[in-house]
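Me: Could you walk me through this structure with a few questions and answers? I am new to this, so please explain the terms as we go.

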Amino acid sequence: MPQAASRDVRFLDPAVIARLGTMELKARTVVEGFLAGLHRSPFKGFSVEFAEYRPYLPGDDLSTLDWKVYARSDRHYVKKFEEETNLECHVLLDVSASMAYRGGAPMSKLEYGSVLAASLAFLMNRQRDATGLVAFDERIAFRLPARARPGHLHALLLALEQLKPGTRSDVGRPLHQLAEALLKRSLVVLISDLLDDPEPAIKGLRHLKFRGSDVVVFQLLDPYELTFPFRGASRFRDVESSDEVTADPASVRAAYLRELAGLTRRYDRELRGAGIDYVQIDTSQPLDFALLSYLSARARRK
Amino acid sequence: MNFLYPAFLLGGLAIAIPIVLHFMRRDIAPAVPFTAVRLLQRSPVTRSKRRRLRDLLLLAARVVALLLLAGAFARPYMAAANPGAALRIVAVDRSYSMNAPGRFAQAIALATRAIDEAGGGERVAVVAFDDHADTISPPGTATAARAALQGITPGFGATRYAEVCAKAAEIAAGDEARLIVITDLQRGGWDGDDRAALPAGISLEVRDPGFSSSNLSVVSVTPTPERVIAALRNTGAQSRTGRIRVEQDGRIVQTAPYRVGPNSSVDIPIAYHAPETGSIAVSVDDSEGLPADNTRYAVLGVTRPQTVLFVRSGSNGGYFAGRALAAIGASAERIAVRAIAAPAMPQEDLSHTSAIVLLSTRALDQRARDAIAGFVRAGGGLFIASSPEVESAVLSAIFGWKSLTTGTIEMPASVALSPIDSRHPVFRPFGPLAANLGQVRFARAWRVSSEGWDVVARFTDGNAAFLERREGRGRVVLFTSDLDRQWNDFPLHSAFVPFVIESVRYVSGPQDHGRDYVVGAAPAGAGARPGVYRAGSENRLIAVNVDPREGVTTPMGRDEFTARVERVDTTRGSSADARSLHLESRQSYWRYGLLLMLAALVAESFVGRT
């Protein structure tokens, strides 16, 4: 088992995933590897329809203990439930030019975000949730409405595979558009690097939350963006605006990291304050953390 | 701002290096695509500005350091810092000729007026001079200068104008100045055809307090066994008559009438049998002239002539030198010569010998060597003339000198003898005869290591020719060629006689048997006034008198006086260089430049590390 587990976890590694062929294969690999590791985790199920009893095992969620059975038989049993199928999930993927950046990671942020979106869609499909996709830069570039019917996943994965980097990003605008368009409470997953002005993004996300949706935000950052490991005086040219800053990394690194930490703190403070899950992800790290974050949010949605 | 070595300023072009590097470093920064430039821009904006400022500061510090280094090497000085004509030097003649009735008071009045004429901010210095010049008041306020004038009184010295010119140049120290000499323009203030040098930056003005043409003076006193002969000089236009007095121990012992015609001198014999010891004073009355030269002092007693011992190898040697000394004749300054062979040296009584002329060291045994060494160290003089007869190793052994010679040198015909200092007592009396030294042909000489010796004259090929040194209380002179016409033809030239005489006199000098001195040249212990004193370790009597030349009151015109002063042009050539050098040396701005450069480098280091 340990060998199998390690092999499964290996398939969550971006370096491995990057070498896989189609988006469907990538998503399947990620999700199955993730679920294989999940056997040892407390996430066992999130449906509301009763399926069966089984004896309590250490690590089981105490909330699933059936206290009435315990009172009658003096034994611990936990209840197993069938999955629910009426959840509508929308994955919002930032495809602006900055998402195409790849510094020290095996995949660009867009590739990583696409695999993450595909994995989430695959996972949602397994749980029979209706899944939709919105790709945007400064405007909505592509939109696939949420559906739960068979074949929809294939279309979504195909769309993800064909995504190309756009131009400048404007997270706030598509968020507002989506918030206005959603007719029922949904789970909205935003995948973006969130490196532009945080104010419109936060407002858009609050708008979504205000309309009754649960929101999970994945901020994808390349290791180079997280650590700024450059050496020697350089002219840093913005991939979206082409603005240039000439600087000696050694002398500006601390200030840059301070700015980044401030941005992260602001997102964390503002979004958590609004009941929005905010997860910052290093694109050189495996995707299981992102998927776990999603499952936590979905569990709260129930 | 001027520079002593402006070529070093080209080193300032080195500032191009940091500037080029500064711009190159900026241009070679590679473009790096990045996403979070907004974050880089926002906070680092100030950092970048600070960095740009830092870079500029670094660049400035490096450029300044290089410029200061180049500037320091160029040795800057401020010509403008030169006080210019803001220095006034008032020189007052205090020689005894200024003590004529009313003359010195007039001189002080002229000096006061010269000080009063000083403009606002002009510094004033006061110098008093006779045969030497003293700074009575250094450059300062007119008030201090006026106060200093009150301390000047006429003395008994003779006028020497060269002294005041030298002192003025020293006070001005390269600056421009105005020298006002208040003097009676006495012709005797110049030695012969001597001239004085004065920097061109010092303007010269002479103010004459007036002079009295009439002066009667006693210019010499010669006691003989039968009488006393006094020489009187009358510089007036009228004949002077009166009685001349001989005083001994403060009382008049004899008088005699005199008559001196206008502008003439006369010897007055006075019938006085002077005792063999003691002193006398001979005086005349002169109410119109200078009081200081009305009396002259003389020490009594028979003067023993100097005796010089020639040490030679046999009966030969020293012929030419002996003949030269015999040329002095039978005067009081005569020098008696005795010649002995070297082996006879130990038996010789040296008590009445003032100097030994060593012409040979052959057969000079140890006792003879010890006798010579003891004689010299006791105060005797030794004149060594190189020759084939003299072995330098023996000389070195006598006095414990290090190796004296490194052999002999053959000389081409073009080599001549050239004194280094024509004012040396041996060469000073030569006067025009000094040129004759250049005609002597030297064929051979010792090559001498001059360590421990003072070189007085050299051959024109650079080898030492005439050297001297002290040995105990005595003096040793060494002539590196010979006196017997073996290595040169010196004895055939007229300069040979004064050379030998003055050398022997000079080497005999340490015994200092002189008893007549002029004020200012008297030995230690004698007063600054004319009179009879006891001086020296032998406590002998000496007579100190005023310089009789000062009593010649014939003045010279201001133009003639000014013509005697050579103006050293400080605006061109080496003189200008010397003046610049002096200014730069005094200001030493390069030190501040280097300190500032050090500060710039410290700042560069500090900015570079932040």
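Below we go through some questions about the two chains and one helix.

Reply: Happy to help! This is a predicted model, where local features need pLDDT of at least 70, side-chain atom pairs count only at pLDDT 80 or more, and totals for chains, interfaces and linings use all residues. Residues are numbered from 1 along each chain as its sequence is written, while chains are lettered from A and ligands numbered from 1 in the order in which they are written.

Me: How many helices and strands does chain B have?

Reply: Helices (H or I, at least four residues) and strands (E, at least two) are DSSP runs, numbered from the N terminus. Counted that way, chain B has 14 helices and 30 strands.

Me: Which element gives the most to the side of chain B that touches chain A?

Reply: Two residues are in contact if their C-beta atoms, placed from the backbone, lie within 7 Å. By that rule, 20 residues of chain B are in contact with 27 residues of chain A. On chain B, the elements giving two or more residues to this side are β2 (31–34), α2 (37–42) and α3 (44–73). With six residues, the one that gives the most is α2(B).

Me: Which residue stands opposite Phe34(B)?

Reply: Two strands pair if DSSP finds at least two bridges between them. Strand β8 (residues 234–238) of chain A and β2(B) are joined by four bridges and run parallel. Opposite Phe34(B), which is in β2(B), stands Asp238(A).

Me: Where are the buried residues of α8(A): on the same side or not?

Reply: A residue is buried if 20 or more other C-beta atoms lie within 10 Å of its own, exposed if 12 or fewer, and partly exposed in between, with C-beta atoms placed from the backbone. In α8(A), the buried residues are Ala201(A), Ile202(A), Gly204(A), Leu205(A) and Leu208(A). Because they cover an arc of only 160° around the axis (the arc of the directions from the helix axis to the C-beta atoms), they are on the same side of α8(A).

Me: Are Glu199(A) and Phe210(A) buried or exposed?

Reply: These two residues are on the other side of α8(A). The buried residues of α8(A) have cover that includes α7 (172–181), β6 (187–192), β7 (214–221) and α10 (249–273) of chain A. Glu199(A) and Phe210(A), in contrast, are exposed.
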